[in-house]
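Please open the model in your viewer and keep the sequence panel beside it, since each stop below asks you to select a few residues and look at what surrounds them.

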Amino acid sequence: MVNANTDRCLKNIKTYLNEIRAKNTEHRPTVTLQITYMYKNLHSIIDIIKFAIENNVDRVKGHHLWVTYPELRKENLRNIEHHDMWNGFVDKIEKYRQHIVLENFEKLTEKPDTVFEDYSCPFIGKELWIDSYGNYNVCCAPSDKRKELGYFGKIDDVAIDEVFTTEDYQDLLNNYKNKSLCKNCLLRKPII
């Protein structure tokens, strides 16, 4: 990420992995490294996968860039001129799948920017994030855009399991496809 100290981040990940594995508990948390696929970082993704394998990370998960600002269009690997490059990359990493879970590393089709009505959100009802301010976030949309989905509290005020049972969260879970942000979200996926 911009302005991130990569060496310090990698050291912190290794420290965390060593700590949770040393506890050897039955219910240890799984660890995922998450990537946003972009033209400028495609060359470094294999190194991230190798790092994950070498350090016993459980999975590497990625998403194509969500173009929320015009300046990001050139980085979008969903652009038709980048399809062959991305699809070739997916072939290249196939050999790593026997060592680690690689999630959302699929080839692009001829219509990758189509969001079909029956596509579902892979996050709502399944995942929750806590930002650096302690706020709960229900998806990975940029903060200024995500606000239209609602405010779900802070970790200091609301227990995680309570967030999922609130009336506001249940309403979002049942009606997110009516939200303008969600109608055009390219992270929605076909129900499997």
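This tour of a predicted model goes from a strand to the cores and then to a cavity.

Begin by selecting β1, residues 32-37, and show its side chains. L33, I35 and Y37 point to one face and are buried, while T32, Q34 and T36 point to the other face and are not buried. In a regular strand, side chains alternate in this way between the two faces of the sheet. Add β2, residues 59-64, which pairs with β1 in the parallel sense over six bridges, and find Q34, which stands opposite K61 of β2.

Next, select I49, W86 and F105, the residues with the most contacts inside the largest nonpolar core, which has 24 residues. At least two residues of this core come from each of α1 (6-23), β1, α2 (45-54) and α3 (83-93), and α2 gives the most, with five. Centre the view on I49 and, leaving aside residues up to four places away in sequence, look for its contacts with V60, I93, Y96, I100, L102 and F105.

Now move to C121, I124, V163 and L181, which are among the 19 residues of another core, lying apart from the one around I49.

Which residues lie closest to the centre of the largest cavity? Select C121, I124, C139, C182 and C185, which are the closest among the 13 that line this cavity. The cavity has a volume of about 90 Å³, and its lining divides into twelve nonpolar residues, no polar ones and one charged residue.

Conventions
Residues numbered from 1 in each chain as written. Predicted model: local features only at pLDDT ≥ 70, side-chain atom pairs only at ≥ 80, totals over all residues. Heavy atoms only, no water. Core = buried A, V, L, I, M, F, W, Y, C linked by side-chain atoms within 4.5 Å. Buried < 20%, exposed > 50% of the residue type's maximum accessible area, 1.4 Å probe, protein only. Helix = DSSP H or I, 4+ residues; strand = E, 2+ residues; numbered from the N terminus. Contact = heavy atoms within 4.5 Å. 1 Å grid on protein atoms, 1.4 Å probe; cavity = no way out; pocket = protein on both sides within 12 Å on 5 of 7 lines; lining within 4 Å. Points joined across faces, edges and corners; volume = space filled by probe spheres on them. Nonpolar A, V, L, I, M, F, W, Y, C, P; charged D, E, K, R; others polar. Pairing = 2+ DSSP bridges.
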